[in-house]
Amino acid sequence: RVTALTVEAAPLRQRPEDIPLLSRDLIAHHADTTGETPRELSSAALDVLQRYDWPGNARELENVVEGMLTAAHGRGALGVSDIPARIRRAARPARGELRVPIGVPMAAIERAAIEETMRFCDYDKPRCAVMLDIGLRTLYRKLDQYARDDRGE
C-alpha cells in the first residue's frame, strides 16, 4: 500500500521572501545536473522576481529560472535583463517607480508623476517640489487644479 504525502503551502505570491532561497536551490540543482558552475541572481533580479505574482506558483518560478540559466549559458550573475520580458512587465512597480502606458496624454503623465512623488515624499510638498525640480508655488497650483478637476469644476 502506497500513501502519498501531501504538503500544503501558501501560494508563492503570498511568500515572496521564499523566492531567493528557492531560486538559489533551483540554480544549484541546475549546476549539479549540467556540471556548470553555479551562478547567482543579482539583487536587482531578485527584487523583480519578488514583485511578480507567480500565477503558476513554484513550477513557473522553476521554468523561468531554468530558462534564464539556459539562455545565459556561460555568463556570470543573472541580471534583470535575463528575466523574460513578460515577467519584468507584469511585476508590480517598485516603491518610487512610475509606469505609464504608451499613448497616455502628457497632462496625465505629469499628474501621475506628481501624485506618486507626493506619496513617495510622505506628502512633504517642499521636498516633493525639490525632487520634481519645480517651484513650490507651481506644485501648489497643480495640486489645487487636480482637486478642482476631481470635483468636476
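This section describes helix packing, residue burial and backbone geometry in a predicted model.

Helix 5 covers residues 106-120. With 15 residues at 1.5 Å a residue, a span of 21 Å is expected for helix 5, and its end C-alpha atoms do lie 21 Å apart, so the two values agree. Within helix 5, the residues I114, T117 and M118 are buried. Viewed down the axis of helix 5, the buried residues occupy an arc of 105°, and they therefore line one face of the helix. An α-helix has 3.6 residues a turn, so residues three or four places apart point the same way. The elements that cover the buried residues of helix 5 include helix 6 and helix 7.

Those two covering helices also contact each other. Two packed helices are described by the angle between their axes and the distance between the axes. For helix 6 (residues 125-132) and helix 7 (residues 136-151), the axes come within 9 Å and the crossing angle is roughly 105°. Because angles of 65 to 115 degrees count as roughly perpendicular, helix 6 is roughly perpendicular to helix 7. Helix 6 contributes K125, P126, C128 and A129 to the contact, and helix 7 contributes L136, L139, Y140 and L143. By residue class, the contact of helix 6 with helix 7 consists of seven nonpolar residues and one charged residue, with no polar residue.

The loop between helix 5 and helix 6 contains D122. Although D122 is not a glycine, its phi is positive, at about 55°. This residue comes just after helix 5. D122 has a relative accessible area of 58% and is therefore exposed, since exposed means over 50%.

A positive phi is also found at W54, with a value of about 50°, and W54 is likewise not a glycine. W54 belongs to the loop between helix 2 (43-50) and helix 3 (57-71). The relative accessibility of W54 is 0%, so W54 counts as buried, whereas D122 is exposed.

In helix 1 (residues 19-34), H30 was examined for burial and contacts. H30 has a relative accessibility of 6% and therefore counts as buried, the limit being under 20%. Leaving aside residues up to four places away in sequence, H30 touches E36, E66, L69 and T70.

Key: Residues numbered from 1 in each chain as written. Predicted model: local features only at pLDDT ≥ 70, side-chain atom pairs only at ≥ 80, totals over all residues. Heavy atoms only, no water. Axes fitted to C-alpha atoms, helices over the stretch in contact; angles between N-to-C directions. Helix = DSSP H or I, 4+ residues; strand = E, 2+ residues; numbered from the N terminus. Parallel < 35°, antiparallel > 145°, perpendicular 65-115°, else oblique. Contact = heavy atoms within 4.5 Å. Nonpolar A, V, L, I, M, F, W, Y, C, P; charged D, E, K, R; others polar. Expected span 1.5 Å × (residues − 1). Buried < 20%, exposed > 50% of the residue type's maximum accessible area, 1.4 Å probe, protein only. Arc of directions from axis to C-beta.
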